[in-house]
Amino acid sequence: MNYRMTQEFKPPFRINTLIEEAGALKAEVILKVSAEFPSSITANTIIVQMPLPKYTTRVNFELEPGALGQTTDFKEANRRLEWGLKKIVGGSEHTLRAKLTFSQELHGNITKEAGPVSMTFTIPMYNASRLQVKYLQIAKKSSTYNPYRWVRYVTQANSYVARI
């Protein structure tokens, strides 16, 4: 069963973004991802993406000390920062610092040219909507299929976007 929520709910992640200019041809982006779910649950295959200004030529990444299972990349073709995290335990925070270098001086506000931050993830055994299956009856029995006696909850992000 798949469904979409249109009412308010507590999102599983909070994304904070800070962009500071560090001179005429440099800027620094600080991305902080906070897991807003219980520590007994772990999110898998998290990818955070952020479009950067079109004059970005180089990005130097700085991960927090002891960051295991994290990858960073600057996709030059479409000027996109990519941060991959293998796992995030509930209640934890992770930070990425990216130092940007531009080919020419930016005219205008850098925050208008960067972002929004988007994120994809999977959280097994977590149900953001708190919708529960209490009773399930199989109307048509089949001799070729034997149903399992459990329900697997998985929260997935299809369109998880944070504006800057």
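Is R79 buried, partly exposed or exposed? R79 is partly exposed, because its relative accessible area of 24% falls short of the range counted as exposed, which is over 50%, and is not under 20%, the range counted as buried. This briefing concerns a predicted model, and it takes up backbone angles, pockets, salt bridges and aromatic pairs in turn. A search of the whole structure finds seven salt bridges, and the structure also holds four aromatic pairs. The largest pocket encloses about 1,100 Å³ of space, while the second largest pocket has a volume of about 540 Å³.

**Backbone angles**

- R79, which is not a glycine, has a positive phi near 50°, and R79 sits in the loop between β5 (70–75) and β6 (80–89).
- T45 also has a positive phi, of about 40°, although T45 is not a glycine, and its place is within strand β3, which covers residues 42–51.
- T45 counts as exposed, because its relative accessibility of 52% is over the 50% cut-off.

**Pockets**

- The largest pocket, with about 1,100 Å³ of space, is lined by 30 residues, of which Y3, R4, V154, T155 and Q156 are the closest to its centre.
- Three elements give two or more residues to the lining of the largest pocket, namely β1 (13–21), β9 (154–156) and β10 (160–162).
- By residue type, the lining of the largest pocket is made up of 21 nonpolar, seven polar and two charged residues.
- The second largest pocket, at about 540 Å³, has a lining of 16 residues, and those nearest its centre are L136, I138, P147, Y148 and R149.
- In the lining of the second largest pocket, nine residues are nonpolar, three are polar and four are charged.

**Salt bridges**

- Side chains of opposite charge can pair when their charged atoms come close.
- One of the seven salt bridges in the structure joins the side chains of R97 and E28, with a nitrogen-to-oxygen distance of 3.1 Å.
- The pair of R97 and E28 links distant parts of the chain, since R97 belongs to strand β7 (residues 93–102) and E28 to strand β2 (residues 26–35), with their positions 69 residues apart in numbering.
- E28 also forms a salt bridge with K99, and here the closest N and O atoms are 3.0 Å apart.
- The pair of K99 and E28 again links distant parts of the chain, with K99 in strand β7 and E28 in strand β2, 71 residues apart.
- E28 counts as buried, because its relative accessibility of 14% is under the 20% cut-off.
- Its two partners are described otherwise, for R97 counts as partly exposed at 32% relative accessibility, and K99 counts as partly exposed at 38%.
- A further salt bridge brings together the side chains of K75 and D73, at 3.1 Å from N to O.
- K75 is partly exposed, with a relative accessible area of 31%, and D73 counts as partly exposed at 32% relative accessibility.
- Salt bridges that share partners also join K10, R14, K32, E36 and E93 into one network.

**Aromatic pairs**

- Among the four aromatic pairs is the one formed by F13 and F37, which is edge-to-face, with 5.4 Å from centre to centre and 85° between the planes.
- The pair of F13 and F37 links distant parts of the chain, with F13 in strand β1 and F37 in the loop between β2 and β3, 24 residues apart.
- F13 and F37 are both buried.
- F121 and Y160 form another edge-to-face aromatic pair, with 5.1 Å from centre to centre and 85° between the planes.
- The pair of F121 and Y160 likewise links distant parts of the chain, with F121 in strand β8 (residues 117–124) and Y160 in strand β10, 39 residues apart.
- Both members of this pair, F121 and Y160, are buried.
- One aromatic cluster is formed by F13, F37, F121, Y126 and Y160, and the cluster therefore includes the residues of both edge-to-face pairs described above.

Notes
Residues numbered from 1 in each chain as written. Predicted model: local features only at pLDDT ≥ 70, side-chain atom pairs only at ≥ 80, totals over all residues. Heavy atoms only, no water. Helix = DSSP H or I, 4+ residues; strand = E, 2+ residues; numbered from the N terminus. Buried < 20%, exposed > 50% of the residue type's maximum accessible area, 1.4 Å probe, protein only. 1 Å grid on protein atoms, 1.4 Å probe; cavity = no way out; pocket = protein on both sides within 12 Å on 5 of 7 lines; lining within 4 Å. Points joined across faces, edges and corners; volume = space filled by probe spheres on them. Nonpolar A, V, L, I, M, F, W, Y, C, P; charged D, E, K, R; others polar. Salt bridge = Lys/Arg side-chain N within 4 Å of Asp/Glu carboxyl O. Phe/Tyr/Trp six-rings, centres within 6.5 Å; stacked < 30°, edge-to-face > 60°.
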